[in-house]
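Q: I have a model open and want to go through it piece by piece. Can you take my questions as they come?

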Amino acid sequence: MVLMHTLISACLRGVPPEVETIAREEDLAPHAAARAVTRGRIVIPANPVRPHRLCAIGEDCRVRVNVNVGTSGTRCDENLEVEKGKAALREGADALMDLSTGGDLARIRQKILKLDAPVGTVPVYEAVRRAGNAADVDADLLFKVIREHCRQGVDFLTLHCGVNRDALASLKADPRTMGVVSRGGAFHVAMMAATGEENPLYAEYDYLLEILAEHDVVVSLGDGMRPGALVDAGRLAKSTEYLTLGHLAKRALAAGVQRMIEGPGHIPADQVGYNVRMIKELTGGAPLYLLGPLVTDVAPGYDHVVGAIGGAIACMNGADFLCMVSPSEHLALPDVRDIVEGTRVAKIAAHVGSLSRAAAHTKNREIRMAEARRALDWEKQFEAALAPEEARRIHERDGELETCSMCGDLCAVKMVRDILPVPEERMEP
């Protein structure tokens, strides 16, 4: 039963303006897009208190990219985090998450919320900071912080509702080398271990849904039991959480709350596909939001590349939303250059994933690039490029040339373009 006015309830009555907008951007029929929202196949994170550029995530939409920013207890520069957010958006990020844990968290969040994009947060981080440690966080404090984030204008919240006593029992029954690597997951494990009680986000899930429905905020059901190393990929806790998230996803949709699912962590490349398909099946096709997945553990400094490989495979199997992995993953808090590089690589993975969905605008970009390369039209090549400034910088470092400096007058394209006919390619409508 729908509790109150939410985007889902509005879509049950017709096609609201937000859906009209995303339908145009994604080349979808408006009524079909509205039905996808009511079925939980598409989410549109858009807290009504804060206008910003819209972003649709899910079935038949382009794969989208999120970028994490935020302070730490070690490095706390509010202006730097805003600069990182702006850099990510310039590079094509579709959404931001503020994961700050150091400084004035409400003030930092307010600065990030001024940027023109959907913004997500992880409220348990702030709850732990206020309490002093995870063991002292109680339900009242946690729900208070969640309400504050909703009222401030946050569009989607990562909430680790599936980290319950069953998941903890699975961890103990089938131990993992890395234990728990999700910070939010670890906080909830510590809370349960200290009190002997159930995770309040699971025990009082209906109350949580009331809060989210009141503010029309998307819940991103967090993967607190995701494996943090390939050696742990087949352990029990991950699958236990999948089953729980499947039930919680259905309850959220019945309450009129938009939801997406997070997962699955560090997974060998040959296991990515079936993990994605399993999550999709268990959650009724809910949009799937991934960090990576990371398909090897031994490439620190290049984990953005590792994540892009896993992300592309995941998107070909149905994943919808990629979280940027930076070169500094597992090593340090990202700087602006890390954010730029990570975002560019994540956008490439998202583009590859979008191609597998037969999106017309994505394929048309490929056609434009092919035609520009045949014509040796460098400006049009840069226009079609995912990272145009970087492409231009590399090409122009050897001066203005008709061809690239690698082939020069031996350019294969130049030699045969006047000999071979051009196929009748057509842009898709």
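Q: Start on the surface. Is Met-316 buried or exposed?
A: Met-316 is exposed, at a relative accessible area of 56%. Here buried means under 20% relative accessible area, exposed means over 50%, and partly exposed is in between, with a 1.4 Å probe and protein chains only.

Q: What kind of model is this, and how are residues numbered?
A: It is a predicted model, where local features need pLDDT of at least 70, side-chain atom pairs count only at pLDDT 80 or more, and totals for chains, interfaces and linings use all residues. Residues are numbered from 1 along each chain as its sequence is written, and side-chain values use heavy atoms, with hydrogens and water left out.

Q: Where does Met-316 sit?
A: In helix H14, residues 303-316. Helices (H or I, at least four residues) and strands (E, at least two) are DSSP runs numbered from the N terminus.

Q: Which residues make a nonpolar surface patch with Met-316?
A: Ile-348, Val-352 and Leu-386; with Met-316 they make a patch of about 330 Å². Patch residues have over 30% relative accessible area and no salt bridge; nonpolar side chains (Val, Leu, Ile, Met, Phe, Trp, Tyr) are joined within 5 Å, like charges within 9 Å. The areas come from the Shrake-Rupley method with a 1.4 Å probe, and for residues only the protein chains shown count as cover.

Q: Now the fold. Which strands close into a barrel, and in what order?
A: Eight strands, in the order E3-E4-E5-E6-E7-E8-E9-E10, with parallel pairing. Neighbouring strands of this sheet are turned by 25 degrees against each other on average, direction ignored. The axes behind that angle are lines fitted to C-alpha atoms, for helices over the stretch in contact, and angles run from 0 to 180 degrees between N-to-C directions.

Q: How many bridges are there between E3 and E10?
A: Three, in the parallel sense, between E3 (residues 64-69) and E10 (residues 321-323). Asn-66 has Cys-323 in E10 as its bridge partner. Two strands count as paired if DSSP finds at least two bridges between them.

Q: And between E3 and E4?
A: Four bridges, again parallel. The partner of Asn-68 in E4 is Met-97.

Q: Which residues of E4 are on each face?
A: Ala-95 and Met-97 are on one side of E4 (residues 95-98), Leu-96 and Asp-98 on the other, and all four are buried. In a regular strand the side chains alternate between the two faces of the sheet.

Q: What about E9: is Leu-288 buried or exposed?
A: Buried, at 0% relative accessibility. Leu-288 lies in E9, residues 288-291. Its C-alpha is 30 Å from that of Arg-107, and the two are 181 residues apart along the chain.

Q: Switching to charges. How many salt bridges are there?
A: The count comes to 27, taking a salt bridge as a side-chain nitrogen of Lys or Arg within 4 Å of a carboxyl oxygen of Asp or Glu.

Q: What does the pair Glu-59 and Arg-41 tie together?
A: Glu-59 is in the loop between strand E2 (57-58) and E3, and Arg-41 is in the loop between helix H3 (30-38) and strand E1 (42-43), so the bridge ties together parts 18 residues apart in sequence. The N to O distance is 2.9 Å. Glu-59 is partly exposed at 28%, and Arg-41 is partly exposed at 21%.

Q: Where is the salt bridge between Asp-320 and Lys-280?
A: Asp-320 lies in the loop between H14 and E10 and Lys-280 in helix H13 (residues 269-282), so this pair ties together parts 40 residues apart in sequence. The N to O distance is 2.6 Å, and both residues are buried.

Q: Which residues are linked in a network of salt bridges?
A: Glu-26, Arg-62, Arg-64, Asp-94 and Lys-347.

Q: Last topic, cysteines. How many disulfides?
A: Zero, where a disulfide is a pair of cysteine sulfur atoms within 2.5 Å.

Q: Why does Cys-55 have no bond?
A: Because the closest cysteine sulfur, in Cys-61, is 8.4 Å from the sulfur of Cys-55, too far for a bond. Cys-55 is buried, at 1% relative accessible area.

Q: And what is the closest cysteine sulfur to Cys-407?
A: The one in Cys-404, at 4.6 Å, also too far for a bond. Cys-407 is partly exposed, at 36% relative accessibility.
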